[in-house]
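Visitor: I would like a close look at one part of this model. Please take me through the sheet, strand by strand, and then show me what surrounds it.

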Amino acid sequence: MALCSGERKVNHLQCNGTLYQCECGATGCKQKYDDDCSAQGFDVKGKCFKCGAVGKYTSISSVTTDHAPRKTPSFL
Ligand SMILES: [Zn+2]
Ligand SMILES: [Zn+2]
């Protein structure tokens with residue numbers, strides 16, 4: 001599971017945001033404001049900082065979701 005290892009500008013803590021990969025190969029997190037994280041790759045509209053494509057990214061953090069706890073219905 002990959003999480004953003006960049007540093008948040010506001011509090012200088014590790015970002016831990018969801019990482020996305022653009023079709024151009026650039027990776028980074030998506031932030032509400034420009035330059036919010038030192039490893040930010042996309043702005044709030046999903047525009048790639050590197051190539052400028054909008055919405056051409058896929059999440060690379062949520063690849064392994066099989067480990068999520070599965071709820072068992074109580075009536076079973
Ligand atoms: Zn980040
Ligand atoms: Zn790109």
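Guide: Here is the sheet, followed by the core and the segments around the strands. Keep in mind that this is a predicted model.

Start with the whole chain. It has 0 helices and 4 strands. Along the sequence, the pattern reads β-β-β-β.

Now the sheet itself. It is open and has 4 strands, in the order β3-β2-β1-β4. The pairing is mixed. At the edges sit β3 (40–42) and β4 (57–59), and each of these pairs on one side only. From one strand to the next, the twist averages 55°. In general, strands of a sheet pair through backbone hydrogen bonds, and they may run parallel or antiparallel.

Take the pairs one at a time. Begin with β1 and β2. They run antiparallel and are joined by 3 bridges. One residue pair to find is glutamine 21 and its bridge partner in β2, threonine 27. The two strands form a hairpin, with 4 residues between them. Look at glycine 25 in that turn: its phi is positive, at about 105°.

Next, go from β1 to β4. These strands are also paired in the antiparallel sense, over 3 bridges. Find cysteine 22 here. Its bridge partner in β4 is tyrosine 57. Both residues return below, as members of the largest nonpolar core.

Then go from β2 to β3. Strand β2 covers residues 27–30, and 2 bridges join it to β3. This pair runs parallel. Lysine 30 has phenylalanine 42 in β3 as its bridge partner.

What belongs to the largest nonpolar core? It has 10 residues: Cys4, Cys15, Leu19, Tyr20, Cys22, Cys29, Cys37, Phe42, Cys48 and Tyr57. Strand β1 gives the largest share, 3 residues. Follow cysteine 29 to see its surroundings. Leaving out residues up to four places away in sequence, cysteine 29 touches several residues, including Cys4, Cys15, Leu19, Tyr20 and Cys37. Gly41 is among its contacts too. Across the whole chain of 76 residues, buried residues make up 22%.

Now step outside the strands. Lysine 9 lies in the segment before β1 (19–22). Is lysine 9 buried or exposed? It falls in between: lysine 9 is partly exposed because 14 other C-beta atoms lie within 10 Å. Not counting residues up to four places away in sequence, lysine 9 touches Asp35, Asp36 and Cys37. Its C-alpha atom is 7.1 Å from that of serine 38, and these two residues are 29 apart along the chain. The chain as a whole has such long-range links as well. Among contacts between residues at least 6 apart in sequence, 44% join residues at least 24 apart.

Finish with two backbone angles. Most residues other than glycine have a negative phi. Asparagine 16 has a positive phi of about 60°, although it is not a glycine. Find asparagine 16 in the segment before β1. It counts as partly exposed because it has 14 C-beta neighbours inside 10 Å. Aspartate 35 also has a positive phi, near 60°, and is a residue other than glycine. Its place is in the loop between β2 and β3. Aspartate 35 has 10 C-beta neighbours inside 10 Å, so it counts as exposed. Recall that Asp35 is one of the residues that lysine 9 touches.

How values were computed. Residues are numbered from 1 along each chain as its sequence is written. Chains are lettered from A and ligands numbered from 1 in the order in which they are written. This is a predicted model: local features need pLDDT of at least 70, side-chain atom pairs count only at pLDDT 80 or more; totals for chains, interfaces and linings use all residues. Two strands pair if DSSP finds at least two bridges between them. Axes are lines fitted to C-alpha atoms, for helices over the stretch in contact, and angles run from 0 to 180 degrees between N-to-C directions. A residue is buried if 20 or more other C-beta atoms lie within 10 Å of its own, exposed if 12 or fewer, and partly exposed in between; C-beta atoms are placed from the backbone. Two residues are in contact if their C-beta atoms, placed from the backbone, lie within 7 Å. A nonpolar core is a set of buried Ala, Val, Leu, Ile, Met, Phe, Trp, Tyr and Cys residues joined through C-beta atoms within 7 Å.
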